[in-house]
Amino acid sequence: MLRQAKLIFSTAVQLCVSLTLLLNFVVSSEIQLGSKISVEDNNFWVSSNGDFAIGFFSYFNLYKVGIHFNSSSIPIDKQTVVWVAGADLKVGNKSYFQLDESGELFLFDSDTGITAWTSKTSNASVVSALLRDDGNFVLLNKQKITVWQSFDNPSDTLLPGQNFSASHVLRPPSNSPVSSYYSLYMGDSGQLQLRWETSIIYWTSGNPSQSAHRAILSADGTLQLIDQTSKSIWSIFGDDHNDSNVHFRFLRLDADGNLRLYSWQNASSSWRSVWQAVNNQCDVFATCGVHGICVFNESGLPVCKCPYMPAGEFNSKCLASSDENCDSGSSLILYEHTFLYGIYPPNDTIVHTNLQECKTLCEKDPRCTAVTFINNGTPQCRIKNTRYMSGKSDPSLGSISLIKTCSDPVAVLPQSPESKLIQKSLRKICIPCLIGVAAGTFGIILVIQLCAGFYFLRRRKYIRKKTDFSNVDPNTGGCIMLSYAEITELTENFKLKIGPKVFKGVLPDKRPVAIKDLATSIEERKFRSAVSKIASIFHKNLLKLDGYCCDSSNRLLVYEFAKNGSLGDCLEDPKMCKRLTWRRRISICLAVARAIYYLHTGCRVYVSHGNLKCENVLLDDNFEVKVSEFGLQTFLSEESDTEQTAEADVRDFGKMLVKIMSGSQNADDACEWAYEKWLADQSYEIVDSRLEGSVSSDELQRALRIAFWCLQADARMRPSMGEVVKVLEGTLSVDIPPPLFSHCHSRTSSEGKLESNAESG
């Protein structure tokens, strides 16, 4: 009997499990008329493969209904939403989403008591719904023909296989009033366009001469424009294009106005951006909204700052001044390397004139709030009549902005009788003075006419020359593409050598540049690909790539010019070395560390420097660090071990750190010597004897200790560049390092050698 009871119980359990699985399969495969999901029931409709689900999710004390990733390989907090009913509709906590008996899909809002959204398919003979395995939610008729689908009604995201045409638009959720103005359209010319409101286009894809019919994201990580014959006429690829290990991707217009392609990384259990439309976030129109202008902070990340309002007055909005709201008058404050534009309204008045006249125009106009002067061959004065402005600031910009600021109030002094008498005498006419003024004016006019004739003659030659240097390659981040003949002209036949295979040149807009001759044969496709990736990397301490030459067998790179040359030259030069004070040397070390840390972790794809040394660290006229020659080995090599190249960069940084501290020219010998001195408690003997001024003992100890950790022969014992940055900043303490060439085969943990100041202090 007991055996029979067990058999009956086992059969019953199996039957229950089978029925449960059958019910789940029915719900997952086909959704019948009358089916409903609600906030209170917290139930979902799931695709048959389990990769996608549709249901309610919370949003700032309200709820939205939409499709999200549901794969078991993606943690719940990373299951990104890819479609929302009504794009940005938010409903109450007793709302529900139903496919009613008429075949209409609708969202009922419990807060308002009305239908907030509907599919408008009550007359389309809908008999069921289905959430497909690709994430597309469809309504079907009796013939199983799709009569409505979520792929035709995108919100802010495109999934692989989803078409995007002129009738569609992507718009991010309105986290702020400004973010809701960003959108992705397909323009009349068949190009993808990122817009702010409807009139400002800040990014465009494709070739305007070829009209696209639709865009589509492929499963292999390719975004393509397709013409009416289904031929691809434009495409971009994610960094992990065609990677078979990537199973989930999506393209999304983010709230910051940038269009990005994301891939799910199983190794890091996170979504990673593998491509973005606008490489420099500060180039996204109104990226800061009404909160100031976009600048890069010390970590090389874009932040918003308000330079033209006193700190005490700046709350949530950064507004410029004008004569109309200045009780005590106004003055213009000059900001170099700054470009401004109005956003409410987003239009500037443009006048072709010089800087002084540009300033005068704003001073005389009571409505003027600011002007921006640009001279890239044709001088432009961009006048703003709005207090709502945004913009960007970067040392690479040649623009100058003048912003109107209210003057401090000044008490009016009473006039004395003597001053009144002086003013009365000044009113008398001085005939000799008038004659002198007239003669002087005639002479000035004559000189101006001669100068103008000379100017226009030179101007004609300049414009003719400038047109020869206007070839910008759109596939290389806006770099200037130059022929070898043009390089020869820029450098005056390589007249001025400023480093090993490095020559100084001057662009037609008078900007000096440094031109590096790689003196090697690199396959053209590979070289152009490397240039494109390097040009897309932005950090305040990385040297900007302005152009390149890929003419015949010649391979040259055109960089921004750093006035003070390389750090290696400065350390060798007796005069320049004295200007490298202790404080300046520590700042240089920290800036280099931040730049390398950014290359390792801040780019869309890992980048190693591969040749870090003092000769590749340049200093501009303010002694700001510009690390050069980064990325070439990463992008040109067929295979590279990420861990090994990162550890090599850390080792090279350690050598450089010792050289900067000691001033020694032979870094290899200096490292062992410095370690012995430090071990003998003679750290100050390591310091460069040419240094003038005091040396911080704490900073010296931190710098030497982290340098010796970086130089460990066992690469597994070396710290990451992130740890190096924290030690140099003083936010992380560091233990005593072992001998440089100890053969330790077990990596010391970060907790053992590096401890937070909070724990150690």
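**Exercise 1.** Which residue forms a disulfide with Cys 306, and how far apart are their sulfur atoms?

Solution. This is a predicted model, in which local features need pLDDT of at least 70, side-chain atom pairs count only at pLDDT 80 or more, and totals for chains, interfaces and linings use all residues. Side-chain values use heavy atoms, without hydrogens and water, and residues are numbered from 1 along each chain as its sequence is written.

Step 1: a disulfide is a pair of cysteine sulfur atoms within 2.5 Å. Step 2: the sulfur atoms of Cys 306 and Cys 318 are 1.9 Å apart, and the two residues form a disulfide. Step 3: the angle about the S-S bond is 80°, a right-handed link.

**Exercise 2.** Is Cys 318 buried or exposed?

Solution. Step 1: buried means under 20% relative accessible area, exposed over 50%, partly exposed in between (1.4 Å probe, protein chains only). Step 2: Cys 318 has a relative accessible area of 0%, so Cys 318 is buried. Step 3: Cys 306, at 16%, also counts as buried.

**Exercise 3.** Explain why Cys 549 is not bonded to the closest cysteine sulfur.

Solution. Step 1: the closest cysteine sulfur belongs to Cys 550. Step 2: the distance is 7.3 Å, which is too far for a bond. Step 3: Cys 549 is buried, with a relative accessible area of 0%.

**Exercise 4.** Compare the expected span of helix α9 with the distance between its end C-alpha atoms.

Solution. Step 1: helices (H or I, at least four residues) and strands (E, at least two) are DSSP runs, numbered from the N terminus. Step 2: the expected span is 1.5 Å times one less than the number of residues. Step 3: for the 20 residues of α9 (residues 582-601) this should give 28 Å, and the end C-alpha atoms are 29 Å apart, which agrees.
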